[in-house]
Amino acid sequence: MKKIKLSKPVLYAGKEYTTLDLDLDGLSGEDMIAAEQECLALQQAVSPVAEFSKSYLSNLAARAAKVDSDMIRKLPVKDFAYVTLVVQDFLLDTEGPPGEK
C-alpha cells in the first residue's frame, strides 16, 4: 500500500482528503479493463498504450484508492501528476516479472 500525502486538503462529496492510500497490489485485470471502459464511456482520450494515458491512470488510481474517479480529477495538478506517475511506475516496473524480483 502506497500512502500519498496531498499538498493541500481536497474536499469531495462532503469528505476532506489529506492523504490517499493506493492499494495497487490489490488491483486485478478486471480493474484495468474497467478503468479503460470508464474512459471510453466518458469519451476521455486514451493513448494507444493505456499506461501512458492520464485518464486511464487516474481511473485506475481511483480504484486503488477506493474513491470516485472524479475525486482523483479534483486533486491539485501536482498531486494529480504524482498520483498518476505512481500508478504508471507500478505498471511499467522494469525490474522483471512479478515474483522474480
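**A guided tour from the β hairpin to the core**

Begin by selecting strand β1, residues 2-12, together with β2: the two strands run antiparallel and are joined by seven bridges. The model on screen is predicted. Within this pairing, display Val10 and look across to β2, where Tyr17 stands opposite. Next, move to the turn of the hairpin, which has two residues between β1 and β2; here Ala13 takes a positive phi near 50 degrees.

Now show the whole chain as a cartoon. It contains four helices and two strands, and their order along the sequence is β-β-α-α-α-α. Of its 101 residues, 37% count as buried. If a surface is drawn, the accessible area comes to about 6,400 Å², and carbon and sulfur atoms account for 53% of that area. Among contacts between residues at least 6 apart in sequence, 56% join residues at least 24 apart.

**Helix α1 and Asp31**

Select Asp31, which lies in helix α1. Is this residue buried or exposed? Asp31 is buried, because its relative accessible area is 16% and the cut-off for burial is under 20%. Display its side chain along with that of Arg63: the two side chains make a polar contact at 3.4 Å. Setting aside residues up to four places away in sequence, Asp31 touches Gly26, Leu60 and Arg63.

**The loop before α2**

Proceed to the loop between α1 and α2, where Phe52 is found. Phe52 counts as exposed, because its relative accessibility is 52% and the cut-off for that class is over 50%. Add Leu92 to the selection and compare positions: Phe52 and Leu92 are 40 residues apart in sequence, while their C-alpha atoms are 9.9 Å apart in space.

**Helix α2**

Select residues 54-65, which form helix α2. A distance between its end C-alpha atoms gives 16 Å; this agrees with expectation, because 12 residues at 1.5 Å a residue should span 16 Å. Which residues of α2 are buried? They are Tyr56, Leu57, Ser58, Asn59, Leu60, Ala61, Ala62, Ala64 and Ala65. The helix is thus mostly covered, with nine of its 12 residues buried. To see what provides the cover, display β2 (15-22), α1 (29-41), α3 (69-73) and α4 (77-91), which are among the elements covering the buried residues of α2. Before leaving the helix, step to Lys66, just after α2, where phi is positive at about 55 degrees.

**The nonpolar core**

Finally, select Leu20, Leu22, Met71, Ile72 and Leu75. These residues have the most contacts inside the largest nonpolar core, which has 26 residues. Colour the chain by element to follow their origin: β1, β2, α1, α2, α3 and α4 each supply at least two residues of this core. Which element gives the most? It is α2, with seven residues.

Centre the view on Ile72 as the last stop. Leaving aside neighbours within four places in sequence, Ile72 is in contact with Leu20, Ser58, Ala61, Ala62, Val67 and Phe80. Of these partners, Ser58, Ala61 and Ala62 are among the buried residues of α2, and Leu20 is, like Ile72, one of the residues with the most contacts inside the core.

Definitions and conventions: Residues are numbered from 1 along each chain as its sequence is written. This is a predicted model: local features need pLDDT of at least 70, side-chain atom pairs count only at pLDDT 80 or more; totals for chains, interfaces and linings use all residues. Side-chain values use heavy atoms; hydrogens and water are left out. The expected span of a helix is 1.5 Å times one less than its number of residues. Buried means under 20% relative accessible area, exposed over 50%, partly exposed in between (1.4 Å probe, protein chains only). Contact means heavy atoms within 4.5 Å. A polar contact is a pair of N or O atoms within 3.5 Å; within protein, one must be able to donate a hydrogen and the other to accept it, and residues adjacent in sequence count only if both atoms are side-chain atoms. Two strands pair if DSSP finds at least two bridges between them. A nonpolar core is a set of buried Ala, Val, Leu, Ile, Met, Phe, Trp, Tyr and Cys residues joined through side-chain atoms within 4.5 Å. Accessible areas come from the Shrake-Rupley method with a 1.4 Å probe; for residues, only the protein chains shown count as cover.
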